[in-house]
Amino acid sequence: AITIATLKEADGENRVALSPDVVARLTKKDFEVLIEKGSGVAAFFPDQAYIDAGAKIVDRDTAIKDAKIVAVVNRPDEAVLTKLTSGQLIIGLLSALVQPDKIQLLAENKVTALSLELLPRTVSRAQSMDALSSQASVAGYKAALVGADNFKRYLPMMITAAGTAKPAKVLVLGTGVAGLQAIGTSKRLGAIVSGYDVRPDSRGEVESLGANFLTSSVSAAGEGGYARQLSAEEQQQQQDELTEFIRQSDIIITTAQVPGRKPPLLVTETAVNAVKPGTIFVDLAASALGGNVFGSEPSQTIITEGNAQIIGAQDMPSQLATAASEMYAKNIQAIITDIVHEDGITIDPDDDVLGELTATFEGEIISNRLRQTLE
Ligand code: NAD
């Protein structure tokens, strides 16, 4: 039997790569599953739930040593990576494009690495494996709730004996998977919602949710369904046209990303300072490198001089850890089912899905996108 192990994520990450439900499915199919003690606790999956699903609870070193496949959410630290040896396989959100040096370390040790950020998005066979989508969907939903929760007025229109409340205006910048989910959730709460993106294709998706699509004068569809990076002039033009829309909004949820790059700045210092007191920014792109909103900080809430709030919300999937882990585990299960065959693990570097998803295999860098990043 092939052994799959899951490790406890670093502090601050509540998700876990395998859920008890998926473990039960895997053990039924003759896989052996090892769970590092306490891995699921923060997602409300106690060790006993994994034991009931047929897994063994072990310490970290045993999990690493005895596994053929190691499944993680985030890339583990170097102490773990250097313990992996030839013939072992690691699957997770390994940030291959952002920190390719760590992936090279795995290649040198002939560890196979599948980095979920590299999965092609538009091939239909890859949909069940698409962890970026499952986690972005969770993030968009939770971002809308966090925005609503921090906003000190109603989202829906309220007609009461004590007066009428106007519906809130929600603006979603970046209408990919997370943005569309934020739009749908804000609509269900009764807000008036607008969406904005530089991919003209997203108009239909935004309008089908009953939201208003703000036309951008910048068109920046890139490869693989993603947006391309904007030139300095385009970025300026975009920031200028957005400032007035932002000023008229109550809650601004930002989700704009360009793979492997620093997130674009959509809300400038001028725009932040022009909003009404009580305005809420929820920045899903907040990162150590900066986010979509000027001044946003990951996992922090900044109160501006004008009394607006900027919420650095890159950790939304971790805050909805149970749902996020259940979906993530299904993505992992789909990948395992795709690569494990009767005669063991097979990875065809020419396959349209695996050839992209696979960062390293037998000491070589396989993914074209990763290779281009390294050149
Ligand atoms: P993402 O997280 O990379 O980016 C979020 C959104 O930000 C995108 O819509 C992008 O266009 C937008 N953006 C980037 N720069 C911007 C800027 N300067 N201004 C405004 N908006 C900006 O995107 P994602 O959610 O991962 O989706 C990427 C693509 O993959 C989309 O086209 C999506 O529809 C597609 N997708 C397809 C499938 C499928 O066919 N199965 C599944 C998932 C995603």
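The legends below describe close-up views of a predicted model of a protein chain with a ligand.

**Figure 1. Overall dimensions and architecture of the protein chain.** The predicted model contains 14 helices and 19 strands. Its C-alpha atoms occupy a box of roughly 65 × 50 × 35 Å along the principal axes. The radius of gyration is 22 Å, in agreement with the value near 21 Å that a compact globule of 375 residues would have. Of the 375 residues, 47% are buried. Among contacts between residues at least 6 apart in sequence, 62% join residues at least 24 apart.

**Figure 2. The shell of residues around the ligand.** The ligand is surrounded by 29 residues, of which Gly174, Gly176, Gly225, Ala227 and Ala256 come nearest. By residue class, the shell comprises 14 nonpolar, eleven polar and four charged residues. Helix H6 (131–150) contributes at least two residues to this shell, as does helix H7 (177–188). These two helices are shown in further detail in the legends that follow.

**Figure 3. Helix H7 and its covering elements.** The twelve residues of H7 extend over 17 Å from the first C-alpha to the last, close to the 16 Å expected at 1.5 Å a residue. The helix is mostly covered, with ten of its twelve residues buried. Val177, Ala178, Gly179, Leu180 and Gln181 are among the buried residues, and Ala182, Ile183, Gly184, Thr185 and Ser186 are also buried. The elements that cover the buried residues of H7 include two helices, H6 and H8 (202–208). Strands S9 (169–173), S10 (192–196) and S12 (251–254) are likewise included in this cover. After H7 comes Gly190, which has a positive phi near 100°.

**Figure 4. The largest nonpolar core, centred in this view on Ala143.** This core consists of 114 residues, and Val70, Ala143 and Ala359 are the members that touch the most other members. The largest share of the core, ten residues, is supplied by H6. With neighbours within four places in sequence left aside, Ala143 is in contact with Ala182, Ile253, Val282, Leu284, Ala313 and Met316. One of these partners, Ala182, is a buried residue of H7.

**Figure 5. Leu145 in helix H6.** Leu145 is located in H6. Because 17 C-beta neighbours lie inside 10 Å, Leu145 counts as partly exposed. Pro259 is 114 residues from Leu145 along the chain, and the C-alpha atoms of the two residues are separated by 26 Å.

**Figure 6. Helix H12 and the surroundings of Glu326.** Helix H12 (residues 321–339) has 19 residues, which at 1.5 Å a residue should span 27 Å; the end C-alpha atoms are 27 Å apart, in agreement with this expectation. The buried residues of H12 include Ala321, Ala324, Ser325, Met327, Tyr328 and Ala329. Also buried in H12 are Asn331, Ile332, Gln333, Ile335, Ile336 and Ile339. Glu326 belongs to H12 and counts as partly exposed, because it has 19 C-beta neighbours inside 10 Å, whereas a buried residue has 20 or more. Glu326 touches Ser19 and Asp21, residues up to four places away in sequence not being counted. Glu326 and Ala17 are 309 residues apart in sequence, and their C-alpha atoms are 8.3 Å apart in space.

**Figure 7. Two loop residues with positive phi.** Most residues other than glycine have a negative phi. Lys110 is not a glycine, yet its phi is positive, at about 55°. Lys110 lies in the loop between helix H5 (100–108) and strand S6 (112–115). With 16 C-beta neighbours inside 10 Å, Lys110 counts as partly exposed. Glu362, also not a glycine, has a positive phi of about 50°. The location of Glu362 is the loop between strand S18 (358–361) and strand S19 (364–365). Glu362 is partly exposed, with 13 other C-beta atoms within 10 Å.

**Figure 8. Glu32 in strand S2.** Glu32 is part of strand S2 (residues 32–36). The 17 C-beta neighbours of Glu32 inside 10 Å place it in the partly exposed class. Apart from neighbours within four places in sequence, Glu32 is in contact with Ala1 and Thr3. The C-alpha atoms of Glu32 and Ala126 are separated by 25 Å, the two residues being 94 residues apart along the chain.

How values were computed: Residues are numbered from 1 along each chain as its sequence is written. This is a predicted model: local features need pLDDT of at least 70, side-chain atom pairs count only at pLDDT 80 or more; totals for chains, interfaces and linings use all residues. Helices (H or I, at least four residues) and strands (E, at least two) are DSSP runs, numbered from the N terminus. The radius of gyration is taken over C-alpha atoms; the globule rule is 2.2 Å times the number of residues to the power 0.38. Two residues are in contact if their C-beta atoms, placed from the backbone, lie within 7 Å. A residue is near a molecule or strand if its C-beta atom, placed from the backbone, lies within 6 Å of it. Ala, Val, Leu, Ile, Met, Phe, Trp, Tyr, Cys and Pro count as nonpolar, Asp, Glu, Lys and Arg as charged, and the others, Gly among them, as polar. The expected span of a helix is 1.5 Å times one less than its number of residues. A nonpolar core is a set of buried Ala, Val, Leu, Ile, Met, Phe, Trp, Tyr and Cys residues joined through C-beta atoms within 7 Å.
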